[in-house]
Amino acid sequence: MLNSDAFDLRKYVSRNSQSVAVWIALFALIAFGLLRYDNFGGAYNVSSFLNYNSMFIVISMGMCFVIITGGIDLSVGSVAAFTSVVAAYLSPYGLEVALPLAVLVGVAFGALNAFCIIVLRIPPFIATLATMLGAKGGALVISGASTIAVDWGSNFTRMGMEKVFNLFPWSIVIVAIVGVFLWIILETTSLGRTILAIGGGEDASTLMGLKVNRAKALVYLISGGCAGLAGVILASGFGAGQPLEGIAWELSAIASVVVGGTLLTGGLGSIPATVAGALLLGLVFNILNFENGRGTISFSAYWQMVIRGGFLFAVILFQSRMTKGRKAKGATA
Amino acid sequence: MSQSNPTQTSLQIGPLLRDHGGVVALIVILAFNILFTPNFLQLQTLFVNISQVATIAIVAMGMTLVIATGGIDLSVGAVMALAGALAPLIFQSQFGVDYPALGIAAALVVPLLVAGACGMFNGVMVAVLNVQPIIATLILFISGRGIAQVLTNGNLQTFSNKSFSYLGTGKVLGLPFQGWLALAIAVILFLVISRTIFGRYVLAIGGNERAARLAGGPVTKVKIGVYMICAGLAGLAGLIVVAINSASDAARNGNLMELDAIAAAVVGGALLQGGRAPIFGAILGAVIIQLVKYTLLANGVEDEVALIAKAGIILAAVYVQQTRKE
């Protein structure tokens, strides 16, 4: 983009003000952390941060697709919990079996969502709420309501434990590959254009002859698959399938997507900005933990929830002012 | 009417389910319980279910109003926890011990005011800043329970206070007090919706917000009011739960209540797009949700399976609604 002579930095910044702001905030926080804490940039912190947050990054990316179409997927956390149990059961067969099958199970839940939303015409909020309850119940049923230990003898746990360059766990590498893939789909393919068009106006897209239903179905399949992958990371990173995990993950994912500047009304959104949003939310906690460690503040876990909500509040205020500005400009232009 | 033809006299199941699905479901569940659940026809069972259903119904009625404007309120469970955490803090404080009557009054009024303030926050976010209801109420969903836990250091607050516990354990005419309370709230809200200008606007906003605004309606005020009512009712439910248990646990009070309330409202006939506020439907929905829980529990079905059943009920209810619209 930089070599094109049409590129105008000022215009780019004003048009993408929020994602630019997110990136600036992200780098500012990283710089702050590096300067203030000795071990912040250390291999242990970086790799455990990336391993833990890779789950949230991947479900946020799936959520981003759904939200761009104007939908919502509340089932991601429960689906991840379900697939973590599935992955744990399949772990003796190795990662090459457990990973694809668990992701497929996630896709199947996505298909259930898509069926309810597109065929039965149930609003996404309700359809995915039901899937959330169903997957949560299902995870508890198949696991007998207890954590399922993975098989440490197979290569399954390598995904969360082994690191590339001693720094990047396989989980974040896989998520990064998936992210690039999704980014390319959204930005360059006709499917991506259709997805953006649906969010802009579903009826108009249908009238234009776009394959709206197919694109909408795919969006939920993608989100389900992403949740499935998050479940595999969960099981491999923590050594067990966790049927009780995933509570409020959907809300973290929605928050990341919103922080990344994707409008909930749909029609607009970016994968890199969503990743930045997820990293930013994760980093706020990482830094709070370091502050706790230094003893300058002693925030209980309860304060973290309050701060998390306050942070979301600040972002939403920022975003609502931005969109107001954008709308006003659009009206005068 | 004069001619009866055989197809009309026979029971038509399709339309019956569509128009009175909730009632049919209730009858089926009741029949099942009477036949199969041991000791179902006992006063004790009735008491247990009424005291449980009252909190769901109270929150669900508030949720129904919010949904009628086309909104949603995810923060009800967190507001319950917050209100529930405040009450024991107040009547167990030095002030509350010195002046028991004033302490109880403050322990009832202050949490409800705080809950109302939470609702005002939600309402301003939605109506003034135009934030989507899911996101706007997500803020308090996340931080409200955190505030409650910060206030109590995450400790379980136990107490024995007869007058406060009346809210959850008292009986009027032999039936639990909170059941009567829920009924009274339902009657008031029903009158508000059907007889007042405020009620007209609630439905008008859900039907077509732009039109309501262009017609000069006080859309912003009404929307803020609806979120305040919803949060206030959630606060009341939080107090009742604390009174029932004689203990306040900020981590558990109202946990997942938003799901039960939304489910009850939807099963009761509320349309997520807005425009309808079936207050008594919300009570019916709450009764169905509670009875399904009770039925599965009493028959030894695990909690996990009950979740799946709840999911099925929600889907079925919305699907039936959807077919009615078309």
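In this predicted model, A145(A) is partly exposed, because 13 other C-beta atoms lie within 10 Å, a count between the 12 or fewer of an exposed residue and the 20 or more of a buried one. A145(A) sits in the loop that joins α6 to β1 (148-149) of chain A. Its phi is near 60 degrees, which is a positive value in a residue other than glycine. In chain B, L256(B) also has a positive phi without being glycine, with a value near 65 degrees. L256(B) belongs to the loop between β4 (247-248) and α13 (257-267) of chain B. With 13 other C-beta atoms within 10 Å, L256(B) is therefore classed as partly exposed.

Chain A comprises 14 helices and 4 strands. Of its 333 residues, 49% are buried. Among the contacts in chain A with a separation of 6 or more, 77% are between residues 24 or more positions apart.

S78(A) lies in helix α4 (residues 76-90) of chain A. This residue has 31 C-beta neighbours inside 10 Å and so counts as buried, the threshold being 20 or more. When neighbours within four places in sequence are left aside, the contacts of S78(A) are M132(A), A135(A), K136(A), A139(A) and G246(A). S78(A) is separated from E250(A) by 172 residues in sequence, yet the C-alpha atoms of the two are 8.7 Å apart in space.

Packed helix pairs are described by the angle between the axes and the distance between them. In chain A, helix α8 (residues 170-188) packs with helix α13 (residues 271-294) at an angle of about 140 degrees, and the axes are 9 Å apart. The pair α8(A) and α13(A) is therefore oblique, since the angle does not exceed the 145 degrees above which a pair counts as roughly antiparallel. On the α8(A) side the contact involves G179(A), L182(A), W183(A) and L186(A), which meet I271(A), P272(A) and V275(A) of α13(A). By class, the residues of this contact are 6 nonpolar and 1 polar, with no charged residue.

In chain B, helix α3 (residues 43-68) and helix α9 (residues 177-195) have axes that come within 8 Å and cross at roughly 25 degrees. As a result α3(B) is roughly parallel to α9(B), the limit for that class being angles under 35 degrees. The crossing of α3(B) past α9(B) is left-handed. From α3(B), the residues that make the contact are I50(B), S51(B), A54(B), A57(B), I58(B) and M61(B), and those from α9(B) are Q178(B), G179(B), L181(B), A182(B), I185(B), A186(B) and L189(B). The contact residues of α3(B) and α9(B) comprise 10 nonpolar and 3 polar, and no charged residue.

I50(B), a contributor to the contact of α3(B) with α9(B), is also in contact with L175(B). Leaving aside residues within four places in sequence, L175(B) contacts W180(B) as well. L175(B) is found in strand β3 (residues 175-176) of chain B. It has 15 C-beta neighbours inside 10 Å and hence counts as partly exposed. L175(B) and I279(B) are 104 residues apart along the chain, and their C-alpha atoms are separated by 21 Å.

Helix α14 (residues 279-298) of chain B contains 20 residues. From first C-alpha to last, α14(B) reaches 28 Å, close to the 28 Å expected at 1.5 Å a residue. Because 14 of the 20 residues of α14(B) are buried, this helix is largely enclosed by the rest of the structure. G300(B), just after α14(B), takes a positive phi of about 75 degrees.

Between the two chains, 34 residues of chain A are in contact with 32 residues of chain B. On the side of chain A that touches chain B, α6 (124-143), α12 (249-259) and α14 (301-332) of chain A each supply at least two residues. That side of chain A has 24 nonpolar, 7 polar and 3 charged residues.

Conventions:
Residues are numbered from 1 along each chain as its sequence is written. Chains are lettered from A and ligands numbered from 1 in the order in which they are written. This is a predicted model: local features need pLDDT of at least 70, side-chain atom pairs count only at pLDDT 80 or more; totals for chains, interfaces and linings use all residues. Two residues are in contact if their C-beta atoms, placed from the backbone, lie within 7 Å. Ala, Val, Leu, Ile, Met, Phe, Trp, Tyr, Cys and Pro count as nonpolar, Asp, Glu, Lys and Arg as charged, and the others, Gly among them, as polar. Axes are lines fitted to C-alpha atoms, for helices over the stretch in contact, and angles run from 0 to 180 degrees between N-to-C directions. Angles under 35 degrees count as roughly parallel, over 145 as roughly antiparallel, 65 to 115 as roughly perpendicular and the rest as oblique. The expected span of a helix is 1.5 Å times one less than its number of residues. A crossing is left-handed if the near helix is turned anticlockwise from the far one by less than a right angle, and right-handed if clockwise.
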